[in-house]
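Open the structure in your viewer and keep the selection panel at hand. This tour tells you what to select next and what is there.

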Amino acid sequence: MSDSPAIANGAAVAEHHEHPPYQRHHFESVEQQADTTNFAMWLFLLTEIMFFGGLFTAYLILRNWYYPAFVEASHQLNIFWGTANTAVLISSSFTMAMGVWSAEMRKKGTLVLCLVLTFILGLVFLGIKTIEYKEKIEKHHVPGFHYSLQSFTNPASDPEIYKEYHDQPMALDMARHTELYFFLYFAMTGMHALHMIIGIAILGFMIFRARAGAYTTGHVTFVENFGLYWHFVDIIWIFLFPLLYLISRHQ
Amino acid sequence: MSEQKQNAAHPEAAHGEHEHHITPPGVYIVIFLSLLVFTALTVGASYIEMGIFNPVVALAIGVIKATLVVLFFMGVKYSTKLTKLTVFAGLFTFTAPYCGLPSRTSAAHNSKKQGGPWWR
Amino acid sequence: MDHISPVLWQFLVKWMTNFALFPPEASKIAPQMDALYFFMVLVSLVGLTIVALLITVFCILYSKERHPVAEQIEGSTLLEATWTIIPLGLFLVMFVWGALLYFRIYTPPANAMNIYVVGKQWMWKAEHPGGQHEINALHIPTGKPIQLTLISQDVFHSFSIPAFRVKREAIPGRYTSVWFEATMPGTYHLFCTQYCGTNHSAMIGEITVLTPDDYKKWLAESTSGMSLAQNGERLFASLSCNACHNAKPDARGPSLANVYGAKLALSNGGTAIADDAYLRESILNPSQHITQGYAPIMPTYQGQISEDGVIALVEYIKNLDSNYRIEQTLNTTDLLPEGDGKNSPAASRSVEQPAGQNAAPKGTVKQ
Amino acid sequence: MSSTIVSLPDQSTARIPKTNFITKENGLLSWLLTGDHKRIAVLYLISITFFFFIGGSLAGLIRLELLTPQSDLMATDTYNKVFTMHGVVMIFLFLVPSVPATLGNFLIPIMIGAKDLALPKINLLSWYLYVVGGILVIYTMVSGGVDTGWTFTTPLSTHYVNTNVMSTGLAVFIAGFSSIFTGLNFIVTIHKMRCPGMTWFRLPLFVWAHYAASILMVLGTPVLAIAIVLVALERTVGIGVFDPAKGGDPLLFQHLFWFYSHPAVYIMILPGFGVISETISTFSRKRVFGYTAVAFSSVAIAVFGFFVWAHHMFIMGISNYAVLVFSLLTMLVAVPSAIKIFNWTFTLYKGSITFETPMLYTFGFMGLFTIGGLTGVFLGASGTDIHLTETYFIVAHFHFVMVGGMLMAFLAGIHFWWPKITGRMYPEKISQLAAVVTFIGFNLTFFPQFILGTLGMPRRYAAYPPEFQVLNVFSTAGATILGVGYLLPILYLTWSLKYGAIAGSNPWQATGLEWQIQSPPLTENFIETPIMDHEAYDYEWLDRQKAKEVTSVG
């Protein structure tokens, strides 16, 4: 190695340090490692934002074009379930934040409790989503699968919704475009639900690791980064909820 | 340099010194409650007829809620400039394509030629 | 050797006879396009020469043999500013010049003769106002501005005439337009330049530019007996459009006389200019285009009329507008064979016209 | 041209260091499960070369078909599939990962004084994603191909073709995530893993260029991903978002697609800029002229590059206002490229220039990229775009930028760092020949296409009017020469793996950190964490360093 003078002018003697087991070999310090993975997570969320961005763009443009169809189609969504789901998701975000806190404070019991709560709330969210999806399936509001225009060309045939909104019957050509709304509804909430499912799977794994005490010895990076992901999924919902459920209620 | 190595040897010490801020649970509770309040507000607002302001209010509340989550739950308020910059960059590239997208109200006519953000 | 040299010979002959750096300039816009093109070529050549020359000179002067020790130079703000500002200036000139050209090519003059073109896999169908149809061919006269209104029936196509330096995408579901004025009689290439599937490269045709006299002859020879507007009128009747749009006082639909080009007040509170695109949309998606004072009862014709049918209807409705009709008549009478000028629906319609105008105030606000 | 800067150790005594990243562990598994950025770079290099030659043979088929005006070698269908596969393979499996995933992967951690990329497992994952994408593309090819064109234009791709759009779409989607993860890894590494003293303005320009390209990868690629998901849904379920018959907007797809695919052009070319900055400085023994301008022009290209996408749609009927905005922004994004060209040129000024192979490729790059860039302005100006777009002019333009620019830079970089990666030199004479042959072949292939395009010959035509034949014959002849130019390096580089001269740690007397360590490097790159105490491209520092060594040995 005579021909390879590594430039190490300040050359402190390279003694072998005792690294904690969770420190990867190529990092100088645990702090650097935590910082790095945290930053990586943020960048990943940036790509996720752009990913959802494509769908948001499609939604806003088509809503602009087929405004009446989008308004009436959105009346089919159940604000009660939507609100309930928002509350559930916010609560899960809260329990997740508390989870991160308990990992930082090295409270193993609280951490496991928080993670389990988050896990359950996530499942509740998906459960409610299933109820909503089921309703759409029953009414044939799933685009591409025997899609039915009845609720829009003849709103009175759908008494529950009609009672609430007294929608005018829509002309067939406009009513057809409700299918676009429902496609975007399923695409956006489906993509969101997919993120939830992935999150819940990771949560399940984390609960086991947390019970083994893996996150309460000072190595909180994983919990923290997962928390970022979970909150991000929450934020997506925070925008989906008004865009899909609320803004057309009075139009 | 050598200081950094020492820190590496004592991660706990480093942790205490300039490791990130630990948000107390009280803050989380306050944020959690205000998020719930905002949710109630936005649902309530949607029941009031405000014309063009219905979507504006709904989205404004959405932005406030998201900001709270980003700042406190995700801890951006206490994090490095780099993270803040990343968040800002994300926000910018995400929102820039929407600029000029007319907020459609029931009164305005719409034709494919007219509707659309600045790049159409 | 025996069989190679004739091939080579042919090859060279072909090259010498066909050698060209740019296509013939057969339209009014072509020389303008070429002026900008050659300006850009010039700038590029100068830029390339400067870079190549500098590199060569530096390589000779400062090769290791001649200049064994490099002099470290940090940079030079002045120089860097120079080669930032000069290219920027040149690019801005090209931007402005290019934009002016762009708007000239895509803004048809009011008196242009309108020809409809439908693209479909894999052919171009041109429909002249006089009712002449052409597949993969287009006959036009010199000295007349010609506007093409393009639409595609399936995928994206692109209508390109290199000799005219114009090109426009034919898009499914919406009209696009382009115009040109041919200056040189001859036949020129027509290409589809947007990749459109298997036989994309077979979607080609010929543009035949004729002198006004020859064009007149061609029109007479290839007439199908009915003008496009008359076709539209027939379709209008067979689809029972006139059950509502009949200009009677109690009609369920607004009169369509003089609608074209008018600013309409719509039932949803907005206004819209009734151009080609509007007319097309209101046939296919009527509920968004209900004139104020009328009930939204018009059914959609989406899927029931082909694009050719829609074009015939649009042309018919356009011809119900007196301004448009006069414009087109002025524009084409000198081109049309004797007597053909009366073929336009205007003649047969003149009786109904007053009734139409009576009803007009109800639905349309002409400004 | 006898003088050279190459200084090799005494061949009779020199040995490749016994422990290095290649010899550290043995066995296939040690490569397939590695976390070492250098090994992953080598894996990438092998797989990318494989796909380059697939794409290259497809290009050969295209040129053969175009030898005659009729579609006689293959049916139009086959021709459409061939050019589609050529585009997909070359863009998603070669150009996008070419320099970043191989040289970038290998060098960025070393250049900034780190032991590895920040996320080694993600790095390996991104290689596996690339391989899965590649396998899917091969599957597409053997199971009948796809004929949408690499742009997947809707509604053609959704409703009018019956070929393997789904598997291609999936391949591009997966390969896209591979590039997202690579970009993410680079950004994080460059931010967080720099060694002490390595400030932003001491970074080699190679790193700056990769940083800019990575931003584009991270922010652009997901939009492509969602566009492809929507195309897939449109095909399977018939959702109608891009289908005008259902009220959808076919232009929306164009917007989403080009929102990625235009920045993708900069993803492809920026790393090439990075390579050129390194070679031109090394072979003229001079600091890059105007370091900061070159660094910031990379970032400027990345930022502006995001807002020019609709210049692909000037003739498609976007609003006049949008045409003005996008045409203007396109002109602005051309300026940083011009700055770079001039700064590189002036790096030669008062240098001490030698003409080794990487430098020859660099000159090739500068000439061809200048032409490619300037012809881009023809297409950015909205007026001339009408006549020139969708013709061979645009084909020639992007081949000048991508092949003439990027591939030249890639070959310059491969030759330049070959001794670092393998520990052995490539044979100098024959590689100089290859560089010259490539340059000649390239010009003969693609220059006639500018004229063809101006004459109006549309792209993607299997058959064309006979008057275009002569120029097409030239082009095909050039492609043959070009093919030889690309085959040569494969042969002699493989040869050099066993018979090349031992390179020693710094054959070029270059200043980068990567040249201060042994070749091939150790698994953890440095024996101990380096400290950067000088600027990038500081040749005086290098001389002092050498002098010190001589005295200490003496």
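Axes here are lines fitted to C-alpha atoms, for helices over the stretch in contact, and angles run from 0 to 180 degrees between N-to-C directions. Helices (H or I, at least four residues) and strands (E, at least two) are DSSP runs, numbered from the N terminus. This is a predicted model: local features need pLDDT of at least 70, side-chain atom pairs count only at pLDDT 80 or more, and totals for chains, interfaces and linings use all residues. Residues are numbered from 1 along each chain as its sequence is written, while chains are lettered from A and ligands numbered from 1 in the order in which they are written.

The model scores ipTM 0.88 and pTM 0.90. pLDDT is the predictor's confidence in each residue, from 0 to 100. For chain D its mean is 92, and 99% of the residues of chain D reach 70 or more.

**Stop 1: two helices of chain A**

Select residues 79-104 of chain A, helix H3, and residues 221-246 of chain A, helix H9. They pack at about 165 degrees, with axes 10 Å apart. H3(A) and H9(A) are therefore roughly antiparallel (an angle over 145 degrees). Their crossing is left-handed: the near helix is turned anticlockwise from the far one by less than a right angle.

Now show the contacts (C-beta atoms, placed from the backbone, within 7 Å). Residues of H3(A) including A:Gly82, A:Leu89 and A:Met96 meet residues of H9(A), among them A:Gly227, A:Trp230 and A:Phe241. The contact of H3(A) with H9(A) divides into twelve nonpolar, six polar and two charged residues. Ala, Val, Leu, Ile, Met, Phe, Trp, Tyr, Cys and Pro count as nonpolar, Asp, Glu, Lys and Arg as charged, and the others, Gly among them, as polar.

**Stop 2: across to chain B**

Keep H9(A) and add helix H4 of chain B, residues 53-73. These two pack at about 175 degrees, axes 10 Å apart. H9(A) and H4(B) are therefore roughly antiparallel to each other. In H9(A), look for A:Ile235, A:Ile238 and A:Phe239, among others; H4(B) offers residues including B:Leu59, B:Lys65 and B:Phe73. The contact holds ten nonpolar, two polar and two charged residues.

**Stop 3: a sheet in chain C**

Move to chain C and find the open sheet of five strands, S3-S2-S1-S5-S8, with mixed pairing. Strands pair if DSSP finds at least two bridges between them. At the edges are S3 (133-135) and S8 (176-181). Select S1 (113-120) and S5 (145-152) of chain C: they run parallel, joined by seven bridges. C:Asn114 has C:Gln147 in S5(C) as its bridge partner. Add helix H7 of chain C, residues 307-319, which packs on the sheet and touches S1, S2 and S5.

**Stop 4: another sheet in chain C**

Next, find S4-S10-S9-S6-S7 of chain C, an open sheet with mixed pairing. S4 (137-141) and S7 are its edge strands. S4(C) and S10(C), residues 205-210, pair in the parallel sense over five bridges. Lying across both is helix H4 of chain C, residues 212-222, at about 130 degrees to S4(C).

**Stop 5: where chains C and D touch**

Finally, show chains C and D together. Here 79 residues of chain C are in contact with 78 of chain D. The largest share of the chain C side, 18 residues, comes from H3(C). That side divides into 46 nonpolar, 22 polar and eleven charged residues.

Notes. Parallel < 35°, antiparallel > 145°, perpendicular 65-115°, else oblique. Contact = placed C-beta atoms within 7 Å.
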